[in-house]
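Thank you all for making the time this morning. I would like to walk through one model with you, a piece at a time, and I will ask you to keep the picture in view while I talk.

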Amino acid sequence: MLENAVGMIVIILAINIVYVTLFTIRMIFTLKGQRYFAALTSIVEVIIYIIGLGLVLDNLDRVENLIAYAIGYSIGVLVGMKIEEKLALGYITVNVITKEYEPDIPNALRDKGYGVTNWVAHGREGERLMMEILTSRKSEKALYKTIKELDPKAFIISHEPKTFFGGFWVKGIRR
């Protein structure tokens, strides 16, 4: 009897981890405009969801099944987020304000393949260099590392752009 209970808990836990991981990935595909990947993922997701929920509903008298379902859900969120980090779909725009005005930084970044638009900005303590850089999310950490090497006190803000028009990046993005 105990063997069946433990087996049921493990099955429910595993099913919910897989379901919520797929749910998270599908949501990311949807938000990134990858509609066909999102649709295909949702087919598998729903089948797994129905199986898992059916097991729990058939055994509602067992509180450990509900707990396994909840724990599996939370672990699935964590796993899905980790997979999303690894996929790193899309692009980011990084705004950088240097501590001192240093005109060589944009060219150093361009030499590494980043698209940089720069201008002189004025802050409380004088002139600063302002840069706007568009890069793939896969290159995000490498870009931050490079910026920190060029100016350890740089102020960095990033956000995810939704639409692109014009510029030299558009041809590469459309591929």
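Let me begin with the hairpin, where strands β2 and β3 are joined with two residues between them. Please bear in mind throughout that this is a predicted model. Strand β2 covers residues 115-123 and strand β3 covers residues 126-136, and the two pair in the antiparallel sense over nine bridges. If you want a place to orient yourself, His122 stands opposite Glu127 in β3.

From there I would move to helix α5, residues 140-150, in which Glu140, Leu143, Thr146 and Ile147 are buried. Looking down the axis of α5, these buried residues fall within an arc of 125°, and they therefore line one face of the helix. On the face turned away from that buried side, α5 carries the exposed residues Lys141, Lys145 and Glu149. And what covers the buried residues of α5? The cover includes strand β3 from our hairpin, along with β1 (91-97), α4 (105-111) and β4 (155-159).

My last stop is the pair of helices α2, residues 35-58, and α3, residues 63-87, whose axes come within 9 Å and cross at roughly 155°. Because an angle over 145 degrees counts as roughly antiparallel, that is how α2 and α3 are described relative to each other. On the α2 side the contact is made by Tyr49, Gly52, Leu53 and Val56, while α3 contributes Asn65, Leu66 and Tyr69. Sorted by class, this contact of α2 with α3 has five nonpolar and two polar residues, and no charged ones.

Conventions. Residues are numbered from 1 along each chain as its sequence is written. This is a predicted model: local features need pLDDT of at least 70, side-chain atom pairs count only at pLDDT 80 or more; totals for chains, interfaces and linings use all residues. Side-chain values use heavy atoms; hydrogens and water are left out. Two strands pair if DSSP finds at least two bridges between them. Helices (H or I, at least four residues) and strands (E, at least two) are DSSP runs, numbered from the N terminus. Buried means under 20% relative accessible area, exposed over 50%, partly exposed in between (1.4 Å probe, protein chains only). The arc is that of the directions from the helix axis to the C-beta atoms. Contact means heavy atoms within 4.5 Å. Axes are lines fitted to C-alpha atoms, for helices over the stretch in contact, and angles run from 0 to 180 degrees between N-to-C directions. Angles under 35 degrees count as roughly parallel, over 145 as roughly antiparallel, 65 to 115 as roughly perpendicular and the rest as oblique. Ala, Val, Leu, Ile, Met, Phe, Trp, Tyr, Cys and Pro count as nonpolar, Asp, Glu, Lys and Arg as charged, and the others, Gly among them, as polar.
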